[in-house]
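Me: I'd like to practise reading a structure with you, one feature at a time. Could you give me the general idea first and then the case in front of us?

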Amino acid sequence: KKTVQGLLAGTTLDATGYGATNTPPCKDEDTGTPPVSLTTIGDLKPPAGTDPNALIALTGEIWKSWGWYVFERDEFRKPNRFGYAPDGYSLQIKAKAQAGYPPSLEGISPCFPGELPNNRSTFPTVITAD
C-alpha cells in the first residue's frame, strides 16, 4: 500500500487475476514442516498515458527513499527493480512480455514457521493511490 500511495493518483495495484496471497516454502527440508513466506502479486495499473518504464523506475526510487537496497536484475525482463529491506521483506516490479500490459508488482515476506495457523485476515486484492 505504501508503494502505491507514493505513485501517481489513480494508480491501482490489482491482484484479482492472481489470487491475493500464497505461502510457498522458503527452502527444501527433508523432515518436518518447512518455513514459509507470504507472497502476493498484482498488476500495477497507472493512469492512462503513463510510461510503464518510467513507472518501474519511479517505483524503485520510492523503495530507495525508504533505505532499501534496490537494483535491476539482468536475468529478468527489463526494465525491472528488485528492492530488499533490512528486515527481510522484498518487493519486485517487472515489465510484462507484451507491450501495453501493466508491470507486475510482487511482495515477499521473510520466512516464518510453516506450522503457524493459516487464519490471517483478508488481504486486499485492489489498492488504489489517492
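What follows is a conversation about the strands, pockets, disulfide and aromatic rings of this predicted model.

Me: Let's start with the overall layout. How many helices and strands are there in the chain, and in what pattern do they follow along the sequence?

Reply: The chain has two helices and seven strands. Reading along the sequence, you meet them as α-β-β-α-β-β-β-β-β. Of the 130 residues in the chain, 35% are buried.

Me: How should I read a strand such as β2, and is it mostly covered or open?

Reply: A general idea helps here. In a regular strand the side chains alternate between the two faces of the sheet. Now the case at hand: β2 spans residues 39-45, and five of its seven residues are buried, so the strand is mostly covered.

Me: Which strands are joined to β2 by bridges?

Reply: β1 (residues 12-14) is joined to β2 by three bridges, and the two run antiparallel. As an example to find on screen, Asp14 has Asp43 in β2 as its bridge partner. β6 (residues 104-108) is also antiparallel to β2, with five bridges between them. There you can look for Thr39, which stands opposite Ile108 in β6.

Me: What else is β6 joined to, and how many of its residues are buried?

Reply: β5 and β6 are joined by five bridges and run antiparallel. Look for Ile93, whose bridge partner in β6 is Leu105. As for burial, β6 is largely enclosed by the rest of the structure, because four of its five residues are buried.

Me: Now pockets. How do I look for them?

Reply: The general idea is simple. Rolling a probe the size of a water molecule over the atoms shows where empty space is left. In this model, the largest pocket holds about 310 Å³ of space.

Me: Which residues lie nearest the centre of the largest pocket, and which elements each supply at least two residues of its lining?

Reply: Lys1, Leu13, Thr40, Leu91 and Ile127 lie nearest the centre, out of 20 lining residues. Helix α1 (2-5) and strands β2, β6 and β7 (126-128) each supply at least two residues of that lining. By character, the lining divides into twelve nonpolar, five polar and three charged residues.

Me: How much space lies in the second largest pocket, and what lines it?

Reply: The second largest pocket has about 210 Å³ of space. It is lined by 13 residues, and those closest to its centre are Leu38, Tyr89, Gly107, Ile108 and Ser109. Strands β2, β5 (90-94) and β6 each give its lining at least two residues. Eight residues of this lining are nonpolar and five are polar, with no charged ones. Ile108, by the way, is the residue we met opposite Thr39.

Me: On to disulfides. How many are there, and which cysteines form a disulfide?

Reply: The count is one disulfide. Cys26 and Cys111 form it, with their sulfur atoms 2.1 Å apart. Cys26 sits in the loop between β1 and β2 and Cys111 in the loop between β6 and β7, so the pair links distant parts of the chain, 85 residues apart.

Me: What is the handedness of this disulfide, and are its cysteines buried or exposed?

Reply: The torsion about the S-S bond is about -120 degrees, so the disulfide is left-handed. Cys26 is partly exposed at 27% relative accessible area, and Cys111 is also partly exposed, at 49%.

Me: Last topic: how do I describe aromatic rings that sit together?

Reply: Two quantities do the work. A pair of aromatic rings is described by the distance of the centres and the angle of the planes. This model has five aromatic pairs. In one of them, Phe76 and Phe82, the ring centres are 4.9 Å apart and the planes lie at 45 degrees, so the pair is tilted. The partners have contrasting surroundings: Phe76 is partly exposed, at 28% relative accessible area, whereas Phe82 is buried, at 0%.

Me: Which residues do ring pairs link into a cluster?

Reply: Look at Trp63, Trp66 and Trp68, which ring pairs link into a cluster.

Key: Residues are numbered from 1 along each chain as its sequence is written. This is a predicted model: local features need pLDDT of at least 70, side-chain atom pairs count only at pLDDT 80 or more; totals for chains, interfaces and linings use all residues. Side-chain values use heavy atoms; hydrogens and water are left out. Buried means under 20% relative accessible area, exposed over 50%, partly exposed in between (1.4 Å probe, protein chains only). Two strands pair if DSSP finds at least two bridges between them. On a 1 Å grid over the protein atoms alone, a cavity is a set of points where a 1.4 Å probe fits but cannot get out, and a pocket is an open set with protein on both sides within 12 Å along at least five of seven lines; lining residues have an atom within 4 Å of a point. Grid points are joined across faces, edges and corners, and a volume is the space filled by probe spheres set on the points. Ala, Val, Leu, Ile, Met, Phe, Trp, Tyr, Cys and Pro count as nonpolar, Asp, Glu, Lys and Arg as charged, and the others, Gly among them, as polar. A disulfide is a pair of cysteine sulfur atoms within 2.5 Å. Rings of Phe, Tyr and Trp (its six-membered ring) pair if their centres lie within 6.5 Å; planes under 30 degrees apart count as stacked, over 60 as edge-to-face and the rest as tilted.
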